[in-house]
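This report is for a reader who has not seen this structure before. It goes through the strands, the cores and a pocket in turn.

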Amino acid sequence: MLSRRAALGALLAAGASPLVVASCANQAPTTGPVMPRPSTPEDALHRLQDGNQRFVAGTPLHPNQTLELRQQLAGHQQPFASVLGCADSRTAPELAVDAGIGDLFVCRVAGNIATPADTASLLYAQAVLGTEVLLVLGHDNCGAVKTAIEVAEGKTPPGEFAPLVAPIQPAVAQARQAGATGDALLHEAVVANVRHVVAALPEMSAGLAQAVRAGHLTIHGGVLTLSTGKIDPVT
């Protein structure tokens with residue numbers, strides 16, 4: 001393996017810009033410590049919360065990203081948490097909670113809705129892989145929720161977006177019934193949608209419901225604020 005000095009020299013020899021090489025020289029290594037798997041659902045939730053605090057502060061550890069660990073995990077996986085998140089490009093769960101290779105089992109779909117395929121995948125994560133926490137992760141200014149509001153108001157025909165916006169309509173209706181309008185309507189609909197999905201998952205899957213009853217799984221909701229990276233819990 002090349003030393004750091006030799007690697008930078010190789011970049012220059014290959015024609016890389018001196019500015020790029022200088023930037024690489026000033027960057028800290030991107031691989032952090034290897035963290036053991038949490039032993040309880042409570043520990044798993046704390047790991048997610050601690051990781052998000054580091055992400056917000058701009059001090060990520062980049063754990064569990066070493067070459068050795070990557071090779072060890074090539075034949076098996078045992079993630080400690082699963083995430084049902086939005087497909088929005090700014091909301092990568094692994095970054096938002098400062099996680100590494102093999103830590104999270106992630107399903108992403110616009111509007112973080114619970115489709116049968118996603119629910120089955122999340123059950124697989126719990127029943128087969130042993131995930132102990134399931135996080136439903138929404139975010140502010142969600143385009144899918146915004147479109148669902150426009151459809152509800154008759155401004156936009158659902159068209160091919162119907163499979164995405166139809167499951168969000170109960171959340172939109174709940175937010176409107178509470179008197180929210182404008183930006184507040186979007187925010188309240190995002191929160192209500194997360195809350196709705198958290199409640200719906202055990203109803204859609206007997207296996208998930210059994211895991212929750214047995215104490216093997218906890219399901220939580222959160223909303224990520226794009227400008228800060230902070231995940232606020234939804235209860």
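Which residue in β3 is the bridge partner of Ala 81? In this predicted model, that partner is Val 133.

**Strand pairing**

Ala 81 belongs to strand β1, which covers residues 81-85 and pairs with β3 in the parallel sense over five bridges. Another position of this pairing puts Ser 82 opposite Leu 134 in β3. Strand β1 is also joined to strand β2 (residues 104-108), and these two run parallel. There Val 83 stands opposite Val 106 of β2. Strand β3 in turn pairs with strand β4 (residues 218-224), again in the parallel sense. Within that pairing, Leu 135 has His 220 of β4 as its bridge partner. The table lists the three pairings.

| Strands | Sense | Bridges | One residue pair |
|---|---|---|---|
| β1 and β2 | parallel | five bridges | Val 83 and Val 106 |
| β1 and β3 | parallel | five bridges | Ser 82 and Leu 134 |
| β3 and β4 | parallel | seven bridges | Leu 135 and His 220 |

**Burial of the strands**

In a regular strand, side chains alternate between the two faces of the sheet. In β3, Val 133, Leu 135, Leu 137 and His 139 point one way, while Leu 134, Val 136 and Gly 138 point the other way. Residues on both sides of β3 are buried. Because seven of the seven residues of β3 (residues 133-139) are buried, this strand is largely enclosed by the rest of the structure.

For β1, one side carries Ala 81, Val 83 and Gly 85, and the other carries Ser 82 and Leu 84. Both faces of β1 are covered. Five of the five residues of β1 are buried, so this strand too is largely enclosed by the rest of the structure.

**Nonpolar cores**

In soluble globular proteins, nonpolar side chains tend to be buried together. The largest nonpolar core here has 38 residues, and among those with the most contacts inside it are Leu 84, Leu 134, Val 136 and Ile 149. Elements that give two or more residues to this core include β2, β3, β4, α6 (116-127) and α7 (143-152). Helix α10 supplies the largest share of this core, nine residues. Leaving aside neighbours within four places in sequence, Ile 149 is in contact with Val 172, Leu 185, Leu 186 and Ala 189.

A second, separate core has 15 residues, including Ala 44, Val 83, Ala 96 and Leu 137. Is Ala 44 buried or exposed? Ala 44 has a relative accessible area of 0%, under the 20% limit, so this residue is buried. Ala 44 lies in helix α3 and touches Pro 38, Phe 80 and Val 133, not counting residues up to four places away in sequence. Ala 44 and Leu 134 are 90 residues apart along the chain, and their C-alpha atoms are separated by 9.8 Å.

**The largest pocket**

How many residues line the largest pocket? The lining has 16 residues, and Leu 45, Gln 49, Asn 52, Ile 231 and Pro 233 lie nearest the centre of the pocket. The volume of this pocket is about 300 Å³. Helix α3 (41-57), β4 and β5 (231-234) each supply at least two lining residues, and α3 gives the most, with six residues. By kind, the lining divides into eight nonpolar, seven polar and one charged residue.

Conventions: Residues are numbered from 1 along each chain as its sequence is written. This is a predicted model: local features need pLDDT of at least 70, side-chain atom pairs count only at pLDDT 80 or more; totals for chains, interfaces and linings use all residues. Side-chain values use heavy atoms; hydrogens and water are left out. Buried means under 20% relative accessible area, exposed over 50%, partly exposed in between (1.4 Å probe, protein chains only). Helices (H or I, at least four residues) and strands (E, at least two) are DSSP runs, numbered from the N terminus. Two strands pair if DSSP finds at least two bridges between them. On a 1 Å grid over the protein atoms alone, a cavity is a set of points where a 1.4 Å probe fits but cannot get out, and a pocket is an open set with protein on both sides within 12 Å along at least five of seven lines; lining residues have an atom within 4 Å of a point. Grid points are joined across faces, edges and corners, and a volume is the space filled by probe spheres set on the points. Ala, Val, Leu, Ile, Met, Phe, Trp, Tyr, Cys and Pro count as nonpolar, Asp, Glu, Lys and Arg as charged, and the others, Gly among them, as polar. Contact means heavy atoms within 4.5 Å. A nonpolar core is a set of buried Ala, Val, Leu, Ile, Met, Phe, Trp, Tyr and Cys residues joined through side-chain atoms within 4.5 Å.
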